Amino acid sequence: MKVIRTEAEWKPIWAAIFKEGKQLGFVPTMGALHQGHLDLVAKSTASMDFTVVSIFVNPTQFNSSEDFQKYPQTLEADLAQLDAAGADYVFVPSVTTLYPQPTRLAFDFGDLERVLEGEFRPGHFNGVGLVVAKLFHLIQPTCAFFGQKDLQQVAVIKRLVQDLSFGLSIEVVPTRREKDGLAMSSRNIRLNPEERQQALLLYQQLSLAKERLLAGETWKQIQTDTAAAFSSAANSKLEYFALLHPETFEIFDTFRMDGPQSICIAAFVGQVRLIDNLPIIA
Ligand code: AMP
């Protein structure tokens, strides 16, 4: 496995891969890797000739400087995990490599970014769009792999690829969970043991809501009960709990059996903001 830090180092490698007509898989990450990230890498190594993983904590997608400062960084351990997982290349650019000058261009993903993550983290998807577009241009993969855990991000990136004609495919990989259901996240490292237990409320409420919806209860009642469950839970604050179309992110007031629907949740547990989602009808 080779670690690449600049565009100049990457270009000849890419040219050789391209010349031989090989397929290049790309897994963008912010590091602090866990099994969820490694699932993406495994999907890529299984279907592509070469796999490149990027590790870059992208400053432009953080709307809270505290969240950015406290984002876990574990580069040595990450590299060891990627080597063992069979990645071929790891791209670890510096901030000035990706942002040699302040970026003036701004993305607007329309309705997709007016709700949920877009609403609660203003500017977040602009930062995601910028860094992913830059990485796609630099790396020029055949296929890029993203996690269903960040469902709205997947919708934004599919729009980016279509609207800017990137000519690459996007593969979505299911959410990897801990045994007790908590979605794996780099931010979980920041939970103390008590908060780690309290964080279970997100997946518990998602699963309970799915069960109740499929049993015929109304979405309004379920939403009210979830809000009440968070209000009475210690140390937790619900930001949103929404039923929606997993691609358009149209928010639904009622549940119907006749089309794709997912529930998305965001909540603070202590100082740590967590998100999760569950497909109800795929
Ligand atoms: P991040 O490093 O958090 O920006 O995530 C990098 C990629 O890994 C994104 O495509 C995420 O959606 C994906 N990812 C993060 N957590 C998980 C998980 N628990 N299961 C599957 N994919 C994940």
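This is a short dialogue on reading the ligand site and the domain contact in a predicted model.

User: Happy to start with the ligand. Which residues come nearest to the ligand?

Analyst: Good place to begin. The shell around the ligand has 17 residues, and those that come nearest are Met30, His37, Asp150, Arg176 and Met184. By type, the shell divides into seven nonpolar, seven polar and three charged residues.

User: Which elements supply at least two residues of that shell?

Analyst: There are strand S2 (24–29), helix H2 (35–47) and strand S5 (143–147). Helix H2 gives the most, with three residues.

User: How do I read the polar contacts, and which atom of Asp150 is involved?

Analyst: A polar contact here is a pair of N or O atoms within 3.5 Å. In the side chain of Asp150, an N or O atom is 2.6 Å from an oxygen atom of the ligand. His37 also uses its side chain, with a polar atom 2.9 Å from a ligand oxygen. Gly147 instead brings a backbone N or O atom, 2.9 Å from an oxygen atom of the ligand. As for cover, the ligand taken alone exposes 490 Å², and the protein buries 93% of that.

User: Now the wider layout, please. What are the domains of the chain?

Analyst: The domain assignment gives domain 1 (2–173) and domain 2 (186–281). Their centres, taken over C-alpha atoms, are 26 Å apart. The contact takes 22 residues from domain 1 and 21 residues from domain 2.

User: How much area do domain 1 and domain 2 bury between them?

Analyst: The general idea first: interface size is often given as the accessible area lost when the parts come together. In this model, domain 1 and domain 2 bury about 1900 Å² between them, with 59% of it on carbon and sulfur atoms. On the domain 1 side, Leu116, Phe120 and Leu151 lose the most area to domain 2, together 31% of what that side buries.

Technical notes. Residues are numbered from 1 along each chain as its sequence is written. This is a predicted model: local features need pLDDT of at least 70, side-chain atom pairs count only at pLDDT 80 or more; totals for chains, interfaces and linings use all residues. Side-chain values use heavy atoms; hydrogens and water are left out. A residue is near a molecule or strand if one of its heavy atoms lies within 4 Å of it. A polar contact is a pair of N or O atoms within 3.5 Å; within protein, one must be able to donate a hydrogen and the other to accept it, and residues adjacent in sequence count only if both atoms are side-chain atoms. Accessible areas come from the Shrake-Rupley method with a 1.4 Å probe; for residues, only the protein chains shown count as cover. Helices (H or I, at least four residues) and strands (E, at least two) are DSSP runs, numbered from the N terminus. Ala, Val, Leu, Ile, Met, Phe, Trp, Tyr, Cys and Pro count as nonpolar, Asp, Glu, Lys and Arg as charged, and the others, Gly among them, as polar. Domain bounds come from an automatic or database domain assignment. Contact means heavy atoms within 4.5 Å. Buried area is the accessible area (1.4 Å probe) that two parts lose on being put together, summed over both.
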